[in-house]
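Trainee: I have a new model open and would like to practise justifying the words we use for it. Could we go through it together?

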Amino acid sequence: MRRSRPLLGTYVEVCAEGLPEAMMERAIDAAFGAVELVHKLMSFHDLQSDVTSLNRRAAIEPVEIHPWTAHVIRRALALFHATGGLFDCAIGAELVRWELLPDHGFAGLQSGRLSALRFVGRNRIVFDAPVAIDLGGIAKGFAVDRAIATLRRHGVRTAVVNAGGDLRVMGREGHPIYIRDPINPSLIRHAGVLRNGSIATSSAAQTRKITGGTEVSALVCAARHEPLVERNAYSVIAPTCTVADALTKVLAQVRTGDAAYFGRFGATALITVPCRNESRAA
Amino acid sequence: MRWTPIAAVPAALVITVPAKATVYLTTEQAQRAIFPGASFASAGRPGVWRVSSGGYFIVDRVVGKHEYITYAIGINPNGTVRQIEILQYNESYGYEVREASWRAQFVGKSASSTLQLNADIKNISGATLSSKHITDGVKRVLNMYEANLKGGR
């Protein structure tokens with residue numbers, strides 16, 4: 001059974017087999033429910049989301065958030081430290097300035113690092129500076145992982161969840177994986193076969209635009225707080241989609257899979273150079 | 001996890017995305033999925049049904065740069081969106097296998113199964129596809145609901 005709904009700003013597809021029809025419908029519905037909850041909690045756009053509450057108030061007072069949001073932020077902090085600060089979600093100020101994200105009337109918003117964020121309770125957070133976080137670089141992967149976990153809880157053993165290009169496969173079978181060309185989306189390449197794992201891809205080509213006479217994108221160089229504008233597609237294969245999604249943002253900066261943290265997270269890096277050139281293992 | 005890469009990925013393996021017409025649900029299946037147990041009566045406009053349990057079921061189509069999508073939207077009696085389901089997703093590219101070397105991977109499949117390549121190529125990773133066209137389409141449908149359908153009749 002294969003279903004698709006527009007969520008997380010993209011098309012989320014759930015493909016699963018092995019249960020009777022009515023049970024499968026309930027399982028897939030619950031999987032979409034999990035994705036929808038992630039969307040509601042972690043959208044930068046939504047005024048009611050945890051992310052907006054944090055960005056508006058955490059520099060003033062502790063903000064209580066949903067356990068899932070707290071979990072994603074803990075993963076983000078672990079990745080921030082493991083990558084020497086290259087995975088940094090505190091890029092809200094840049095993305096607002098570059099008009100890639102909406103300004104919800106943030107007061108005195110500053111560029112900063114994720115190290116400005118502190119847990120002061122199990123699900124309570126304060127910011128030591130008026131930074132803004134954007135979980136766009138990790139929440140989609142987390143949503144895919146939650147959808148897979150939900151399907152498994154309903155008894156599904158074979159499934160693929162694909163959130164607009166970030167995907168996870170579950171089951172004994174290997175699935176052929178294709179990577180889309182970053183410039184010409186009508187071209188794809190067969191990259192390999194994946195079993196029980198995830199792949200995510202990021203490219204500046206998708207969000208590139210001109211703001212105030214400068215070329216910007218949603219991929220940010222953490223060290224210089226500048227947009228990355230070159231056009232390769234950066235893919236990471238990892239056991240969970242949360243890690244795969246997050247590490248694509250790191251790979252886009254370091255452009256090589258040599259760093260020890262890729263191995264530590266069980267990740268493989270793959271860089272796709274636009275059409276007519278070659279895709280290479282990084 | 002097990003990842004088996006294609007040993008080296010030569011340019012020859014670049015292929016054109018098939019003109020995928022992925023059908024997720026028929027109109028009737030979507031009606032049952034969004035409003036279980038209800039019956040549906042035409043509301044006098046194409047693609048618009050009044051639901052016996054209250055609310056409306058509307059089928060709409062949006063055209064993007066690289067795709068066109070048919071989707072269904074269920075509207076609750078109070079005018080809020082109940083559920084959105086994609087019925088059919090078409091990538092507007094011509095079906096073409098570009099390179100003979102790629103075709104070789106499918107040696108052993110019969111000629112008739114070649115057409116089913118459409119179904120086989122589904123796990124595509126890439127920079128996120130935007131669903132902005134659906135967002136715009138839903139706004140347009142809700143405006144139409146406010147102007148023409150709200151309040152019954």
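Trainee: Which residue stands opposite A:Ile179 in E9(B)?

Mentor: In this predicted model, A:Ile179 has B:Ser125 opposite it. Another such pair is A:Tyr178 with B:Ile124, also in E9(B).

Trainee: What makes E8(A) and E9(B) a pair of strands?

Mentor: Pairing needs at least two bridges between the strands. Strand E8 (residues 175-180) of chain A and E9(B) are joined by two bridges, so they count as paired. The two strands run parallel.

Trainee: Which strand of chain A is joined to E8(A) by six bridges, and in what sense do they run?

Mentor: That is strand E9 (residues 187-195) of chain A, and the two run antiparallel. With at least two bridges as the requirement, six are enough, so this is a pair as well. Within it, A:Ile177 stands opposite A:Gly192. E8(A) and E9(A) also form a hairpin, with six residues between them.

Trainee: Why is E8(A) called mostly covered?

Mentor: A residue counts as buried if 20 or more other C-beta atoms lie within 10 Å of its own C-beta. Five of the six residues of E8(A) are buried, so "mostly covered" is a fair description. For chain A as a whole, 55% of the 282 residues count as buried.

Trainee: How many residues does each chain bring to the contact between chain A and chain B?

Mentor: Chain A gives 54 residues and chain B gives 32. On the side of chain B, strands E1 (2-5), E2 (14-16), E8 (81-91) and E9 (124-125) each supply at least two residues. By class, that side has 21 nonpolar, nine polar and two charged residues.

Trainee: Why can chain A be called as compact as a globular protein of its length?

Mentor: Set the value against the rule: the radius of gyration is 18 Å, and the globule rule gives 19 Å for 282 residues, which is close, so the description holds. Its C-alpha trace spans about 55 × 45 × 35 Å along the principal axes. The chain holds seven helices and 17 strands. As for its contacts between residues at least 6 apart in sequence, 62% join residues at least 24 apart.

Trainee: How is chain A divided into domains?

Mentor: There is domain 1 (1-43 + 140-167), domain 2 (45-133) and domain 3 (174-282). The C-alpha centres of domains 2 and 3 of chain A lie 23 Å apart. Their contact takes 15 residues from domain 2 and 16 from domain 3. On the domain 2 side, helix H3 (67-82) and helix H4 (92-97) of chain A are the elements giving two or more residues, and H3(A) gives the most, with three. The residues of that side comprise eight nonpolar, three polar and four charged.

Trainee: What makes E3 and E4 of chain A the edges of their sheet?

Mentor: The open sheet has three strands in the order E3-E5-E4 (chain A), paired antiparallel. Strand E3 (63-64) and strand E4 (117-121) each have a single partner strand, so one side of each is left without a neighbour in the sheet. E4(A) pairs with strand E5 (residues 124-127) of chain A over four bridges, and there A:Leu117 has A:Phe127 as its bridge partner.

Note on methods:
Residues numbered from 1 in each chain as written. Chains lettered and ligands numbered in written order. Predicted model: local features only at pLDDT ≥ 70, side-chain atom pairs only at ≥ 80, totals over all residues. Domains from an automatic or database assignment. Contact = placed C-beta atoms within 7 Å. Nonpolar A, V, L, I, M, F, W, Y, C, P; charged D, E, K, R; others polar. Rg over C-alpha atoms; globule rule 2.2 N^0.38 Å. Buried ≥ 20, exposed ≤ 12 C-beta atoms within 10 Å, placed from the backbone.
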